[in-house]
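Colleague: I would like to learn how to read a model of this kind, one feature at a time. Could we take the general idea first and then the case at hand?

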Amino acid sequence: MADLSVCLSCKRGSLVRGTTTATFDAEGTTVVIRNIPADVCDSCGEGFFDPLTTDRLVELAAAAAGWSGAPVQICDYE
(Lines give C-alpha, C1' and ligand atoms only; values in the text may rest on other atoms or scores of the structure.)
Protein backbone atom coordinates (compact mmCIF):
# COMPACT_ATOMS: atom_id res chain seq x y z
CA MET A 1 0.00 0.00 0.00
CA ALA A 2 1.32 3.46 -0.94
CA ASP A 3 2.32 5.94 1.75
CA LEU A 4 -0.31 8.69 1.44
CA SER A 5 1.98 11.21 3.16
CA VAL A 6 4.51 11.14 0.29
CA CYS A 7 3.98 13.60 -2.58
CA LEU A 8 2.47 11.96 -5.65
CA SER A 9 4.14 14.51 -7.95
CA CYS A 10 7.79 14.65 -6.90
CA LYS A 11 7.93 11.46 -4.78
CA ARG A 12 10.37 13.25 -2.42
CA GLY A 13 8.40 15.54 -0.15
CA SER A 14 5.93 14.95 2.62
CA LEU A 15 2.38 16.25 2.58
CA VAL A 16 1.45 18.73 5.29
CA ARG A 17 -1.88 20.45 5.85
CA GLY A 18 -1.86 24.04 4.62
CA THR A 19 -3.26 26.29 1.93
CA THR A 20 -2.41 26.82 -1.72
CA THR A 21 -3.48 28.71 -4.83
CA ALA A 22 -4.95 27.19 -7.99
CA THR A 23 -5.59 28.60 -11.46
CA PHE A 24 -8.43 27.54 -13.75
CA ASP A 25 -9.62 28.42 -17.24
CA ALA A 26 -13.39 28.83 -17.01
CA GLU A 27 -15.41 30.06 -19.98
CA GLY A 28 -12.42 31.95 -21.40
CA THR A 29 -11.58 33.63 -18.09
CA THR A 30 -8.49 32.81 -16.05
CA VAL A 31 -9.66 32.32 -12.46
CA VAL A 32 -7.12 32.38 -9.62
CA ILE A 33 -8.41 31.01 -6.30
CA ARG A 34 -6.28 31.64 -3.21
CA ASN A 35 -6.20 30.23 0.32
CA ILE A 36 -7.47 26.77 -0.63
CA PRO A 37 -7.19 24.16 2.14
CA ALA A 38 -5.00 21.34 0.87
CA ASP A 39 -2.32 18.80 1.61
CA VAL A 40 0.80 20.59 0.33
CA CYS A 41 4.16 19.02 -0.50
CA ASP A 42 6.94 20.48 1.63
CA SER A 43 9.40 19.90 -1.23
CA CYS A 44 7.76 20.89 -4.53
CA GLY A 45 4.75 22.86 -3.24
CA GLU A 46 2.15 20.81 -5.14
CA GLY A 47 -1.29 20.94 -3.49
CA PHE A 48 -3.73 18.04 -3.28
CA PHE A 49 -7.45 18.59 -2.65
CA ASP A 50 -10.09 16.32 -1.16
CA PRO A 51 -13.22 15.63 -3.26
CA LEU A 52 -15.41 18.20 -1.45
CA THR A 53 -12.81 20.93 -1.92
CA THR A 54 -12.48 19.99 -5.59
CA ASP A 55 -16.25 20.29 -6.08
CA ARG A 56 -16.24 23.71 -4.40
CA LEU A 57 -13.34 24.87 -6.58
CA VAL A 58 -15.27 23.99 -9.74
CA GLU A 59 -18.28 25.95 -8.44
CA LEU A 60 -16.15 28.98 -7.51
CA ALA A 61 -14.33 29.00 -10.85
CA ALA A 62 -17.58 28.88 -12.82
CA ALA A 63 -19.14 31.63 -10.72
CA ALA A 64 -16.06 33.87 -10.86
CA ALA A 65 -15.88 33.56 -14.65
CA GLY A 66 -19.23 35.33 -14.94
CA TRP A 67 -18.64 38.15 -12.42
CA SER A 68 -17.54 40.96 -14.71
CA GLY A 69 -16.43 39.56 -18.01
CA ALA A 70 -12.82 40.48 -17.18
CA PRO A 71 -10.15 38.14 -18.61
CA VAL A 72 -8.77 37.43 -15.11
CA GLN A 73 -10.60 37.02 -11.80
CA ILE A 74 -8.93 36.52 -8.43
CA CYS A 75 -10.88 35.30 -5.41
CA ASP A 76 -10.38 33.57 -2.09
CA TYR A 77 -11.68 30.09 -1.30
CA GLU A 78 -14.79 30.31 0.85
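Colleague: Where along the chain is the place of Lys11?

Modeller: Lys11 sits in the segment before β1, and please keep in mind from the start that this is a predicted model. The phi angle of Lys11 is near 65°, a positive value in a residue other than glycine, and Lys11 is exposed, with a relative accessible area of 59%.

Colleague: Which other residue has a positive phi although it is not a glycine?

Modeller: Asn35 is such a case, with a phi of about 60°. Asn35 lies in strand β2 and counts as partly exposed at 45% relative accessibility.

Colleague: Before we go further into single residues, what does the secondary structure of the protein chain come to, and in what order do the elements run from the N terminus on?

Modeller: There are 1 helix and 4 strands in the protein chain, and from the N terminus on they follow the order β-β-β-α-β. The C-alpha trace spans about 45 × 20 × 15 Å along its principal axes, and of the 78 residues in the chain, 31% are buried. As for contacts with a separation of 6 or more, 49% of them join residues 24 or more positions apart.

Colleague: How does one check the length of a helix, and what is the result for α1?

Modeller: One compares the span expected from the number of residues with the distance between the end C-alpha atoms. Helix α1 has 15 residues (residues 51-65), which at 1.5 Å a residue should span 21 Å, and its end C-alpha atoms are 21 Å apart, in agreement with the expected value.

Colleague: Which residues of α1 are buried, and how do they fall when seen down the axis?

Modeller: The buried residues of α1 are Thr53, Leu57, Leu60, Ala61, Ala64 and Ala65. Seen down the axis of α1, these buried residues fall within an arc of 125°, so they line one face of the helix. The face turned away from that buried side carries the exposed residues Pro51, Leu52 and Val58, while the cover over the buried residues includes β1 (15-26), β2 (29-41) and β4 (72-76).

Colleague: Which residue caps the N-terminal end of α1?

Modeller: Asp50 does, with a side-chain oxygen 3.1 Å from the backbone nitrogen of Leu52.

Colleague: Turning to the strands, how do the side chains along β4 point?

Modeller: They alternate: Gln73 and Cys75 point to one face and are buried, whereas Val72, Ile74 and Asp76 point to the other face and are not buried. The relative accessible area is 10% for Gln73 and 8% for Cys75.

Colleague: In which sense do β2 and β4 pair, and over how many bridges?

Modeller: The two strands pair in the parallel sense over 5 bridges, and within this pairing Val31 stands opposite Gln73 in β4. Leaving aside neighbours within four places in sequence, Gln73 is in contact with Thr29, Thr30, Val31, Val32, Ala64, Trp67 and Ser68.

Colleague: Is Thr29, which is found in strand β2, buried or exposed?

Modeller: Thr29 is buried, with a relative accessible area of 4%. A polar atom of the Thr29 side chain lies 3.5 Å from the backbone oxygen of Ala70, and, not counting residues up to four places away in sequence, Thr29 touches Phe24, Ala65, Ala70, Pro71, Val72 and Gln73.

Colleague: Thr19 is found in strand β1; which residues is Thr19 in contact with, leaving aside its neighbours within four places in sequence?

Modeller: Thr19 is in contact with Asn35, Ile36, Pro37, Ala38 and Val40, and Thr19 is exposed, with a relative accessible area of 51%. The C-alpha atoms of Thr19 and Arg34, which are 15 residues apart along the chain, are separated by 8.0 Å.

Colleague: Lastly, how many disulfides does a search of the whole structure find?

Modeller: The search finds 0 disulfides. To count as a disulfide, two cysteine sulfur atoms must be within 2.5 Å. The sulfur of Cys7 is 3.7 Å from the closest cysteine sulfur, in Cys44, which is too far for a bond. Cys7 itself is buried, with a relative accessible area of 1%.

Note on methods: Residues numbered from 1 in each chain as written. Predicted model: local features only at pLDDT ≥ 70, side-chain atom pairs only at ≥ 80, totals over all residues. Heavy atoms only, no water. Buried < 20%, exposed > 50% of the residue type's maximum accessible area, 1.4 Å probe, protein only. Expected span 1.5 Å × (residues − 1). Arc of directions from axis to C-beta. Contact = heavy atoms within 4.5 Å. Polar contact = N/O pair within 3.5 Å; in protein donor to acceptor, adjacent residues only side chain to side chain. Pairing = 2+ DSSP bridges.
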